[in-house]
Amino acid sequence: MGTLLRGGTVVTASDTVHADVLVEDEVVTTIARHIPPSDHTVVDVSGCYLFPGGIDPHTHLDMPFGGTVTIDDFESGTRAAAFGGTTSMIDFALHTKGDTLKNAIDTWHDKASGKAAIDYGFHVMVGDMNASVMAEIPDVVEKEGVTSFKVFMAYKNNLQADDETLFRTLRLAAEVGALVQVHAENGDVIDVLVKEALEKGLTAPKYHALTRPPEAEGEATARAIRLAEIAGAPLYVVHVTCAEAANAISDARKRGLPIYGETCPQYLVCDVTDYERPGFEGAKYVMSPPLRDKWNQDVLWNKLKNMELQAFGSDHCSFHLKGQKELGIHDFSKIPNGSPTIEHRMNILYHYGVHEGRIGLNKFVALTSTNIAKLFGLFPKKGTIAVGSDADIVVWDPSVKHTISAATHHMRADNNIFEDMTVYGKPKYVFLRGHKIVDHDSYIGAVGQGQFLRCGRFYPVQF
Ligand SMILES: [Zn+2]
């Protein structure tokens, strides 16, 4: 016997249909207008949408950063993700100077295994790309099931890679079927601006944004795209925040290049004025790249609508305001970068996108799940509701209205950058490979239920 989800509306990236869905042995086995109940466990899902489980392509759990460690580990972070309708994620394994990629991946396996509530894969965030690290990439792609590598164009004298390194990495990735991701901001320019601000005694959180202008992001994005073009390589630009960067991606795509862009909920609903909040509250919004002038939000929405940006990630990187963000109370450059966003990624895109009429249901599914599965070699096991696919299904009740708050969220952080936002739509049930893990406001899964996902080699996807 299986589990029969009866009377709902199945939404994929391409279709919206009224249908029953039968789940057996962790996968979807039948989708039909009417499936007889037989001896199945019947779950009434009438009035709800059935979305493929969300896939978050950008998270930082249990990660050392700026003299502290992100406050959500794989247990609290993945449980919070499940409450929001996310059933898979790809976390960034942090590679540091002198380390091997293999060891970075092993370290991340140790952090995740036995703890994760949802399925998970890894990218490697390369802290020091050099000849020996590069030489390891083919093996990692082949044996580890890790096929995406993030290179930094910012954080001078720390994580930043120069153009030669980025170009060599792109060329190699193209050969072995890997996807290079870039953090695109001009680190040299930012370094000058930060030093000048601090010399003038400008230390408040708002100077974080003023020393990382959108032009620095636009320049680095355009440069990375040109390097990828010369290398004949695909490129994935993480956390796109502004018109300068988003337009560079659109221009490249018009030239037919396999360039992909991701944006995040915070850039759609928060803006640069949040840094002006009283006291030290602006620190909650310190992330890189920073929040931008509000008009950029319309640009990003249009890019999502037209699929000129294809992926929607949380960039969840959570810190307490007390004791962690406070490390930078006298110096904005010492505020740990990042915010707790893993739980509300789908809420924000659903409410401000679908509910308010900016994007359609199918686009919502494409951006939060299907496109990501395709870009990182997880499709069609993940990313859709289809016969044979993993039964990762979010039963989404569009009529529920709720207010987001740190007082009620499931993430560990003592703050929430979406505090007081009232949104429509929430998961009623969440199924991970056919197992119900969320029932209304209760987590009913088991610690360690999440399995490691081997990502496949990159193939050029047309969106
Ligand atoms: Zn990030």
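Begin by selecting α11, residues 345–355, a helix that is mostly covered, with ten of its eleven residues buried, where buried stands for under 20% relative accessible area, exposed for over 50% and partly exposed for what lies in between, with a 1.4 Å probe and protein chains only. The buried residues to highlight are Arg345, Met346, Asn347, Ile348, Leu349, Tyr350, His351, Tyr352, Gly353 and Val354. Helices here are DSSP runs of H or I with at least four residues, strands are runs of E with at least two, and both are numbered from the N terminus.

This is a predicted model, in which local features need pLDDT of at least 70 and side-chain atom pairs count only at pLDDT 80 or more, while totals for chains, interfaces and linings use all residues. Residues are numbered from 1 along each chain as its sequence is written, and side-chain values use heavy atoms, with hydrogens and water left out.

**From α11 to α12**

Just after α11, stop at glycine 357, which takes a positive phi of about 85°. Next add helix α12, residues 361–375, which packs with α11 at an angle of about 155°, the axes being 9 Å apart; axes are lines fitted to C-alpha atoms, for helices over the stretch in contact, and angles run from 0 to 180 degrees between N-to-C directions. That angle makes α11 roughly antiparallel to α12, given that angles under 35 degrees count as roughly parallel, over 145 as roughly antiparallel, 65 to 115 as roughly perpendicular and the rest as oblique. To see the contact (heavy atoms within 4.5 Å), show Arg345, Met346, Leu349, Tyr350 and Val354 of α11 together with Leu361, Phe364, Leu367, Thr368 and Ile372 of α12. These contact residues divide into eight nonpolar, one polar and one charged, with Ala, Val, Leu, Ile, Met, Phe, Trp, Tyr, Cys and Pro taken as nonpolar, Asp, Glu, Lys and Arg as charged, and the others, Gly among them, as polar.

Beyond α12, select phenylalanine 379 and proline 380, whose connecting peptide bond is cis, with omega near 5°. Proline 380 belongs to the loop between α12 and β16 (393–403).

**α10 and its partner α8**

Move now to α10, residues 295–305, in which Asn296, Gln297, Val299, Leu300, Trp301, Lys303 and Leu304 are buried. The buried residues of α10 pack against α8, β14 (259–263), α9, α11 and α12. Of these neighbours, bring up α8, residues 243–254, which packs with α10 at an angle of about 25°, with axes 10 Å apart. This makes α8 roughly parallel to α10. The contact is formed by Ala243, Glu244, Ala246, Asn247 and Ser250 of α8 and by Trp295, Asn296, Val299, Leu300 and Lys303 of α10, and the residues of this contact comprise five nonpolar, three polar and two charged.

Two backbone details can be inspected along this stretch of the chain. In the loop between α9 (265–269) and α10 lies proline 289, which is joined to serine 288 by a cis peptide bond with omega of about -5°. After α10 comes methionine 307, whose phi is positive, near 60°.

**The zinc ion**

Centre the view on the zinc ion, which is coordinated by His58 (NE2), His60 (NE2) and Asp315 (OD) at 2.0 to 2.2 Å; donors are N, O and S atoms within 2.8 Å of the metal (3.2 Å for Na, K and Ca), and water is not among the atoms, so sites may look incomplete. Along the chain, the donors follow the spacing H-x1-H-x254-D. Histidine 60 lies in the loop between β6 (54–59) and β7 (64–65) and aspartate 315 in the loop between β15 (311–312) and α11, so the pair ties together parts that are 255 residues apart in sequence. Histidine 60 counts as buried at 5% relative accessibility, and aspartate 315 is likewise buried, with a relative accessible area of 10%. Check the backbone of aspartate 315 as well, since its phi is positive, about 50°, although this residue is not a glycine.

**Towards the N terminus**

Select serine 38 in the loop between β3 (27–32) and β4 (41–44), where a residue that is not a glycine has a positive phi of about 40°. Serine 38 counts as exposed at 60% relative accessibility.

Finish at threonine 3 in strand β1, residues 3–11, which counts as buried at 18% relative accessibility. Leaving aside residues up to four places away in sequence, threonine 3 touches Val21, Leu22, Val23, Thr41, Val43 and Phe431.
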